[in-house]
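Notebook open, coffee poured. Today I want to look up one residue and the strands around it.

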Amino acid sequence: MKCQNNQIEEGETILDDYSCALKKSILIQGTIYISTTALYFHSYFNDSIMFLSKVGTKFRILISDIKDVTKAKNVLIFDNSIELILMNG
């Protein structure tokens, strides 16, 4: 799998990727990449510009920083989301 995210550590293997949306002030469509050590999110969009952007949204969460993963509701009705609870809150 090819990851568009330039934060991937050298030699790290991406196990899978999924289309998803990040909930910020708006839903930001992107891709989550799962490796053996981290979760990566990459999107060409950000919450201040709803068009394609060179800045986009990118972040990395180490698996060791995740305290819990729970099922969540995105639009009050559909429980088709997950919520990550991190060690640092």
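These are my entries, strand pairing to begin with and then a single serine.

**Entry: the model.** I am working from a predicted model, so I keep in mind that side-chain atom pairs count only at pLDDT 80 or more.

**Entry: β1 and β2.** I looked up how strand β1 (residues 14-23) sits against strand β2 (residues 27-35), and they pair antiparallel over nine bridges. The two make a hairpin, with three residues between them. To get a register for this pair I picked Tyr18, which stands opposite Ile32 in β2.

**Entry: β2 and β3.** Next I followed β2 onward to β3. These two also run antiparallel, joined by four bridges. Here too I find a hairpin, this one with two residues between the strands. For the register I noted Thr31, whose bridge partner in β3 is His42.

**Entry: Ser43.** Where does Ser43 sit? I find Ser43 in strand β3, which covers residues 38-43. Is Ser43 buried or exposed? Its relative accessible area is 2%, and the cut-off for buried is under 20%, so I put Ser43 down as buried.

**Entry: what surrounds Ser43.** I listed its contacts, leaving out residues up to four places away in sequence: Ser43 touches Ile28, Gln29, Gly30, Gly56 and Thr57. What does the side chain of Ser43 have for a polar partner? A polar atom of that side chain lies 2.5 Å from the backbone oxygen of Gln29. So Gln29 goes in my notes twice, as one of the residues Ser43 touches and as the owner of that backbone oxygen, under the 3.5 Å cut-off for a polar contact.

How values were computed: Residues are numbered from 1 along each chain as its sequence is written. This is a predicted model: local features need pLDDT of at least 70, side-chain atom pairs count only at pLDDT 80 or more; totals for chains, interfaces and linings use all residues. Side-chain values use heavy atoms; hydrogens and water are left out. Buried means under 20% relative accessible area, exposed over 50%, partly exposed in between (1.4 Å probe, protein chains only). A polar contact is a pair of N or O atoms within 3.5 Å; within protein, one must be able to donate a hydrogen and the other to accept it, and residues adjacent in sequence count only if both atoms are side-chain atoms. Contact means heavy atoms within 4.5 Å. Two strands pair if DSSP finds at least two bridges between them.
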